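Here is a walk through one structure, sheet by sheet. Keep the 3D view open as you read.

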Amino acid sequence: MRENSYEVDADILMNPRVWEASGHLSGFTDPLLDCKECKTRHRADNLIQDYDASVNADAMTQEEMVSFIREKQIPCPVCGKSNFTDIRQFNLMFETKRGVTDDSTSRIFLRPENAQGEYVNYLNVMRSMRAKLPFSIGQIGKAFRNEITPKNFTFRTIEFEQMEFQTFCKEGDDSELYQYYKEYGKKFFESLGLPAEKLRFHDHEKLAHYAKEACDIEYQFPFGWGEINGTHNRTNFDLSRHQEYSGKSMEYFDEATKEKYIPYIIESTYGLDRIVLALLFEGLHEEKISDTDTRIVFNIKPSLAPVKVNVLPLMKKKHADKAREIYQRLSKYFMVQYEESGSIGKRYRRGDAIGIPYAITVDDATLEQETVTVRDRDTMEQEIMSVEGLVEFLRRNLE
Ligand code: GAP
């Protein structure tokens with residue numbers, strides 16, 4: 001919805017020179033060590049963080065991490081002994097091969113982030129859309145990382161979905177935009193239903209080689225604070241490197257000042273799986289509804305609920321045809337589920353557990369008077385309304 005914003009769907013397998021230019025081939029590594037006793041492999045920073053959450057392992061050098069682990073005799077989470085190898089840097093990119101030869105020249109990589117796909121398409125987007133600075137390129141797509149310790153449900157996986165939004169701007173406008181996107185991220189999470197007290201900024205002390213300013217937004221998961229967004233002022237590092245490695249000018253001609261320069265980039269990146277995980281922790285409850293009864297309900301905002309409406313014939317034999325007709329009518333506008341098996345109470349509960357905001361029951365009154373019963377997931381209150389008015393009612397309440 002933002003002006004001057006364009007969407008791309010870049011390649012997952014790109015020319016491997018892209019990853020040389022970006023620095024991923026040489027520097028996208030995790031500090032790993034092996035337990036000499038049980039031969040399991042661990043990330044040194046995770047060992048430290050899990051042992052003492054108040055220590056910021058990200059800010060430590062490799063040597064500092066080794067001495068901390070030795071000094072505190074941090075135990076191996078698998079066998080409990082403390083006898084580790086030295087740290088080695090382990091590249092997180094997944095490799096595959098293309099073409100018919102099986103040598104180093106055929107080596108290509110699955111993208112470990114969406115960002116570089118947006119950077120190498122910057123000229124395409126700028127020229128085809130006649131974009132002027134500041135403008136943004138966004139993408140939602142998969143990223144792949146050979147994480148050695150995937151854990152905590154979908155918090156850390158080897159294949160995950162990123163939503164990355166890159167704003168290209170003039171040097172000098174960068175810090176203000178950085179601040180804007182940092183704050184925007186927090187407001188965005190609050191608008192999704194994550195409570196402000198469970199969100200915090202974590203400004204980076206140790207900056208990546210390309211970054212001028214960097215900050216994460218963390219959510220308080222039941223297993224600890226974890227990053228769900230990152231805002232980075234990447235300067236003109238990425239485009240300068242792509243210019244150098246591709247031999248193609250990445251300069252922007254500023255018509256107002258008649259200058260040529262390589263734009264700065266403000267990156268705002270969101271981990272979609274982690275956000276959905278946070279929404280599940282926040283919204284999925286077991287709720288007591290009477291002295292003897294409970295229900296599982298997923299209180300996700302109606303605008304975010306994957307399925308919006310549950311259409312339920314009260315009695316399959318009598319009401320299924322009419323219910324299917326209503327299902328067809330509504331599914332032009334909304335994601336609708338049709339369910340006819342089991343008691344009506346059980347069907348309500350199944351819908352509550354996956355967060356469907358509205359259940360529509362089709363009964364004799366629907367056949368006789370064209371009215372249905374609409375049940376609200378959160379209040380469980382029921383309201384009779386005309387079939388005619390359903391689309392308008394749902395549109396208004398789902399937005
Ligand atoms: N382009 C910048 C970039 O990729 P990142 O902090 O490495 O930055 C961005 O990743 C977001 O992707 C993180 O904020 C996090 O939410 C998500 N993410 C990173 N690694 C992940 C993993 N292994 N599993 C699930 N989500 C992950």
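Two strands count as paired if DSSP finds at least two bridges between them. This is a predicted model. In general, strands of a sheet pair through backbone hydrogen bonds, either parallel or antiparallel.

Start with strands 20 and 21. Strand 20 covers residues 371-376, and it pairs with strand 21 in the antiparallel sense over five bridges. One residue to find is Val372, whose bridge partner in strand 21 is Met385.

Now step back to the whole sheet. Five strands form an open sheet with mixed pairing, in the order 18-17-19-20-21. Strand 18 (336-338) and strand 21 (382-386) stand at the edges. Each has a single partner strand, so one side of each is left without a neighbour in the sheet. On average, neighbouring strands here are turned by 25° against each other, direction ignored. A helix packs on this sheet: helix 13, residues 390-398. Helix 13 touches strand 17 (309-313), strand 19 (358-362), strand 20 and strand 21. Its direction makes about 165° with that of strand 19.

Next comes another sheet. Seven strands make up this open sheet, again with mixed pairing, and their order is 1-7-8-14-11-10-9. Which strands stand at the edges? They are strand 1 (5-7) and strand 9 (199-203). Each has a single partner strand, so one side of each lacks a neighbour in the sheet. The twist averages 25° from one strand to the next.

Within this sheet, look at strand 8 (residues 159-169) and strand 14 (residues 264-271). They pair in the antiparallel sense over eight bridges. Thr167 has Ile266 of strand 14 as its bridge partner. Finally, helix 6 (residues 122-129) lies across strand 1, strand 7 (135-144) and strand 8. Helix 6 runs at about 140° to strand 7.

Conventions:
Residues numbered from 1 in each chain as written. Predicted model: local features only at pLDDT ≥ 70, side-chain atom pairs only at ≥ 80, totals over all residues. Heavy atoms only, no water. Helix = DSSP H or I, 4+ residues; strand = E, 2+ residues; numbered from the N terminus. Axes fitted to C-alpha atoms, helices over the stretch in contact; angles between N-to-C directions. Contact = heavy atoms within 4.5 Å.
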